[in-house]
Amino acid sequence: YKAQVSTLSGADFYQYPAGGEYHKLSISYRASFGSAFGSLFMFVVVAGTVWGGLGWALRVMLGGPEDELAQAGKA
Amino acid sequence: MAESDQFNGRLGLIFASIGAAIGTGNIWRFPRMVGANGGGTFLIPWLFFLFIWSIPLVIAEYAMGKRSRTGTVGTFRIFAGKRFAWMGLWTAWISTAIGFYYAVVSGWTVKYFQLGITGALNGEGVDTTEVWNAFLQNPGQVIFFQFIIVALTLGAIWKGAKAIEKVNFYLMISLFALLFLTLFLSLWMDLEDGSLDGAMFMFTVDFDMLSEPEVWINGLSQSAWSCSAGMGMCITYAVYMSKDEDTVLNAFTMGLANNSISIIAGLAVLSAIFAVNPDPLATVTGGSSAITFLALPEVFAKAPMDPIGPLFMMAGFFLALSFAAMTSMISTVELCVRNFVDHGYDREKSVFITGVAIFLFGLPSAIMWIKLDSSGVAFPEFLEVQDHIWGYGLMFSGLFIAFSIWKYGYLKWKSQVEEGTAAPGFSGYLGIGVSAFRDDFINTGDNDLEVGRWWDILIYIAFPILFAVLMISYFADMIANTENVWDPSNPKGVTIILLFWGVVAGLFMWFNRYLVQRPVYRNIPEGADVDISMLPGGSDELISDIRDRVDRIGKTIDAEIVD
């Protein structure tokens with residue numbers, strides 16, 4: 001028997017000749033949209049920069065001990 | 001005697017600035033840009049330009065507004081000189097012109113909150129396209145919600161800085177809470193199939209796409225628009241800073257908070273779409289901005305814990321979107337009002353007149369040229385034409401800010417060369433001129449963070465290059481992809497943009513001579529260091545402290561008594 005796999009993006013759509021007798025079995029599958037490790041790493045980088053930076057800025061702004069302000073230093 | 005107006009404290013300024021920055025661009029444009037530009041790939045340029053473009057410009061704006069203590073017209077009159085007051089008028093005009101149709105768009109978000117809370121989007125067989133079309137093609141409804149937004153905005157800014165601060169505080173806190181609720185429900189939906197597809201897509205980098213210029217240009221434009229950097233909002237809010245307020249740390253906080261909200265909104269939208277849609281990228285990237293009102297209701301209707309979950313998600317998301325839109329409207333209207341108040345007009349009258357103008361001039365965007373596209377979805381063509389004409393005009397506001405900085409540096413170096421205290425030639429200019437603005441207006445001793453040479457490099461080198469890249473790419477893309485692009489009657493062409501820009505700029509340049517004959521009153525807090533004598537427009541006798549302003553009526557009465 002022959003099998004066909006098609007994707008939602010429909011890059012190459014194959015059609016079997018008309019008039020034949022075929023059994024159709026559909027299995028829904030969607031490939032993952034990315035890599036779990038890569039996305040986790042990127043999340044840590046982006047969230048760390050943005051949320052971490054925001055947390056640090058708010059901490060400095062709302063007033064910490066003098067030595068923390070001194071360590072904030074020059075940008 | 002008139003008094004200066006200011007925010008109660010640091011957080012007041014931060015919430016107001018974050019409110020100005022956070023808008024529909026964070027919640028609906030950002031997820032679309034992420035989807036269209038390779039997910040995590042897009043985050044790299046977007047984050048890069050936060051630090052290279054947006055934050056440096058916001059620092060400049062805060063510094064200018066804090067020193068001038070006037071809105072955009074007065075600021076450019078002081079910083080660039082009397083001949084360039086029109087630059088401030090351009091900045092105010094572009095923001096106001098965008099406000100005309102932004103009020104209409106904000107009205108849509110309120111309508112969809114109303115639809116969400118009444119369950120009108122959740123039922124079986126609801127056709128979101130039909131709902132959208134029925135709304136957009138009903139002028140009475142669109143105008144009604146536009147009116148609500150304008151009325152609420154006027155109410156929020158009526159009494160000045162303290163009212164703006166309070167409203168932004170409550171709206172921003174509510175927005176964070178609503179977005180987190182939506183995010184929680186979205187992640188729950190996405191987890192139901194055992195994986196977080198949306199989150200994975202949003203943070204996965206396609207390194208091949210990273211080398212495409214379009215991704216970087218889109219990252220730059222998203223950062224610029226989203227932060228409202230170089231658009232005059234921060235100049236306006238800096239007018240209300242207390243005397244020893246930090247400019248640099250506030251700028252970082254504002255930019256990072258803006259991006260934080262984008263990430264939360266992006267995760268919420270993408271997770272929900274990836275959870276239920278078989279072709280999520282087509283959904284996120286296809287179509288016009290109406291995708292927010294077509295695809296998202298369908299997605300949210302499938303939220304868990306039916307019927308409570310879909311109701312919360314729908315109402316929560318669109319309420320958050322309304323709040324974001326409203327806080328941006330507040331800053332848009334305040335930017336315009338501030339300029340009137342600076343020139344001696346009563347605040348309440350200015351607020352009322354600006355509000356009426358925004359409502360009336362927004363009516364064409366609300367009701368004109370509502371057409372159906374090829375897939376039967378209604379779109380407001382007049383509104384889109386307005387966006388097409390004025391959207392990129394905002395970039396010139398940033399250019400004018402940079403020009404003021406460059407001019408100040410050059411004039412200071414030149415005067416020091418004449419005094420014999422600076423070396424002539426390029427090395428002398430590099431030593432004194434390039435850092436002049438930073439030394440005199442940013443690192444003033446009030447800051448928790450001091451700004452180094454990196455800022456000069458960004459303003460003098462990076463900014464003009466990036467500005468040129470943005471404008472060239474925008475027009476090149478339009479020329480390459482638009483039919484009859486040079487036809488003046490083509491509402492999507494180049495000629496119509498250049499015509500409008502040219503006429504408005506020409507009119508403002510002509511009007512400049514009359515503008516500078518009016519006095520300007522600076523909103524100076526008690527004890528603030530606001531010496532402007534070193535600036536090109538600083539010795540203008542018509543510029544004074546608002547506390548020295550005598551009511552016209554009072555002066556007339558006093559004069560009569562004396563006589």
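**Burial, contact and confidence in a predicted two-chain model**

User: What does the rule find in the way of salt bridges across the interface of chain A and chain B?

Analyst: Across this interface the rule finds zero salt bridges. A salt bridge is a side-chain nitrogen of Lys or Arg within 4 Å of a carboxyl oxygen of Asp or Glu. This is a predicted model, in which local features need pLDDT of at least 70, side-chain atom pairs count only at pLDDT 80 or more, and totals for chains, interfaces and linings use all residues. Residues are numbered from 1 along each chain as its sequence is written, chains are lettered from A in the order in which they are written, and side-chain values use heavy atoms, with hydrogens and water left out.

User: How many residues does the contact take from chain A and from chain B?

Analyst: The contact, meaning heavy atoms within 4.5 Å, takes 28 residues from chain A and 35 residues from chain B.

User: How much area do chain A and chain B bury between them?

Analyst: They bury about 2700 Å², with 75% of it on carbon and sulfur atoms. Buried area is the accessible area (1.4 Å probe) that two parts lose on being put together, summed over both. On the side of chain A that touches chain B, α1 (36–61) and α2 (66–72) of chain A each supply at least two residues. The largest share of that side, 16 residues, comes from α1(A).

User: Why is Gln416(B) called buried?

Analyst: Buried means under 20% relative accessible area, exposed over 50%, and partly exposed in between (1.4 Å probe, protein chains only). Gln416(B) has 17% relative accessibility and therefore counts as buried. Gln416(B) is found in helix α18 (residues 394–419) of chain B. Leaving aside neighbours within four places in sequence, Gln416(B) is in contact with Thr421(B), Ala422(B) and Ile432(B).

User: What makes Ser17(B) buried or exposed?

Analyst: The relative accessible area of Ser17(B) is 0%, so Ser17(B) is buried. Ser17(B) is found in helix α1 (residues 10–21) of chain B. With neighbours within four places in sequence left aside, the contacts of Ser17(B) are Tyr62(B), Tyr237(B) and Met254(B).

User: What pLDDT does chain A average?

Analyst: Chain A averages a pLDDT of 71, and 49% of the residues score at least 70. Over residues 65–75 of chain A the pLDDT is below 50, and this stretch has 15 contacts in the model beyond near neighbours in sequence. The term pLDDT is the predictor's confidence in each residue, from 0 to 100. Where pLDDT is low, the predicted coordinates should not be read in detail.

Terms used: Helix = DSSP H or I, 4+ residues; strand = E, 2+ residues; numbered from the N terminus.
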